Amino acid sequence: MRAIRLASAVLLGAGALTSCVPAADAAIRTDFGFNLLPSTVRAGGEVTVHVTRNRACRGEATVDSPAFAPVTIPPDESWTKVVVDWDAKPGAVYEVEFECDGSIGIARLTIAGGRSAHHPAHHPTRHPHKGVHAGEGGTLAGFDLKEVGLGAALIAGSLGVAYHFSRRRAEGDAG
């Protein structure tokens, strides 16, 4: 009986964890790996596009998006940097298409509000009156507090339900 309770608690917990994955961050997967660093950037900012070289991606890789000019990554390299267009709309999410040896993968690039600190010379320089925005960085980049809170609530709720049912079953077995 104890194994059944443990198995049900584990399955309930696993279900709660898988339901916490934000669907908006899901990318189309291919036989080769690819990513954007960072995945959230201001208009005019710089993004590193990366492909993982393996059997599925040995040749030239192309990266294209409405947010920046298309780039090509030569076969002997795995990354390059691109500059996001100045007219990219803050808050917009752009698809970035990675193509290598016939396989295509899609990632998403989010444009943050405001402008990048690296601006063309013809724009006037502003001196901030408040502290510097140091960026998103770290393991929580791209997550907002609502998503993290919702995930924690789902996990806590599923653990509470599992505990409740295991205690109720134990009380029924004892009497």
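How much accessible surface does the protein chain have, and what share of that surface belongs to carbon and sulfur atoms? About 11900 Å² in total, with carbon and sulfur atoms taking 60%. Keep in mind that this is a predicted model.

**Figure 1. The whole chain, end to end.** Let's start with the overall layout: the protein chain has 2 helices and 8 strands. Walk along from the N terminus and you'll meet them in the order α-β-β-β-β-β-β-β-β-α. The chain is 175 residues long, and buried residues account for 25% of them. Now take the contacts between residues at least 6 apart in sequence: 61% of these join residues at least 24 apart.

**Figure 2. Inside the nonpolar core.** Here we zoom in on the largest nonpolar core, a group of 27 residues. V49, F98 and L109 are the members that touch the most others in the group. Several strands pitch in with at least two residues each, including strand 1 (34-37), strand 2 (40-43), strand 5 (68-73) and strand 8 (103-115). Strand 7 hands over the largest share, 4 residues. As a bit of background, nonpolar side chains in soluble globular proteins tend to be buried together.

**Figure 3. T48 and its neighbours.** Find T48 in strand 3, which covers residues 46-51. Is T48 buried or exposed? It counts as buried, because its relative accessibility is 16% and the cut-off for buried is under 20%. Leaving out residues up to four places away in sequence, T48 touches N35, L36, L37, W79, T80 and K81. With K81 there's also a polar contact, side chain to side chain, at 3.4 Å.

**Figure 4. The disulfide between C57 and C100.** The chain has 1 disulfide, and here it is: C57 is joined to C100, with 2.1 Å from S to S. The link is right-handed, with 95 degrees about the S-S bond. What parts of the chain does the pair link? Distant ones: C57 sits in the loop between strand 3 and strand 4 (61-65), while C100 belongs to strand 7 (residues 93-100), and the two are 43 residues apart. Both C57 and C100 are buried.

**Figure 5. A cis peptide bond at P38.** Look at the loop between strand 1 and strand 2, where you'll find P38. The peptide bond that joins L37 and P38 is cis, with omega at about -5 degrees. For context, most peptide bonds are trans. L37 has turned up already, as one of the residues that T48 touches.

**Figure 6. D101 and its positive phi.** Next stop is the loop between strand 7 and strand 8, home to D101. D101 isn't a glycine, yet its phi is positive, at about 50 degrees. Most residues other than glycine have a negative phi. D101 counts as partly exposed because its relative accessibility is 44%, which falls between the 20% and 50% cut-offs.

**Figure 7. Where to go easy on the details.** How confident is the predictor overall? The mean pLDDT of the protein chain is 74, and 61% of its residues reach 70 or more. Two stretches to check are residues 20-27, where pLDDT stays under 50, and residues 119-133, where pLDDT also stays under 50. For residues 20-27, the model has 10 contacts beyond four places in sequence. For residues 119-133, there are 5 such contacts. Where pLDDT is low, the predicted coordinates shouldn't be read in detail.

How values were computed: Residues are numbered from 1 along each chain as its sequence is written. This is a predicted model: local features need pLDDT of at least 70, side-chain atom pairs count only at pLDDT 80 or more; totals for chains, interfaces and linings use all residues. Side-chain values use heavy atoms; hydrogens and water are left out. Buried means under 20% relative accessible area, exposed over 50%, partly exposed in between (1.4 Å probe, protein chains only). Contact means heavy atoms within 4.5 Å. Accessible areas come from the Shrake-Rupley method with a 1.4 Å probe; for residues, only the protein chains shown count as cover. A polar contact is a pair of N or O atoms within 3.5 Å; within protein, one must be able to donate a hydrogen and the other to accept it, and residues adjacent in sequence count only if both atoms are side-chain atoms. A disulfide is a pair of cysteine sulfur atoms within 2.5 Å. A nonpolar core is a set of buried Ala, Val, Leu, Ile, Met, Phe, Trp, Tyr and Cys residues joined through side-chain atoms within 4.5 Å. pLDDT is the predictor's confidence in each residue, from 0 to 100.
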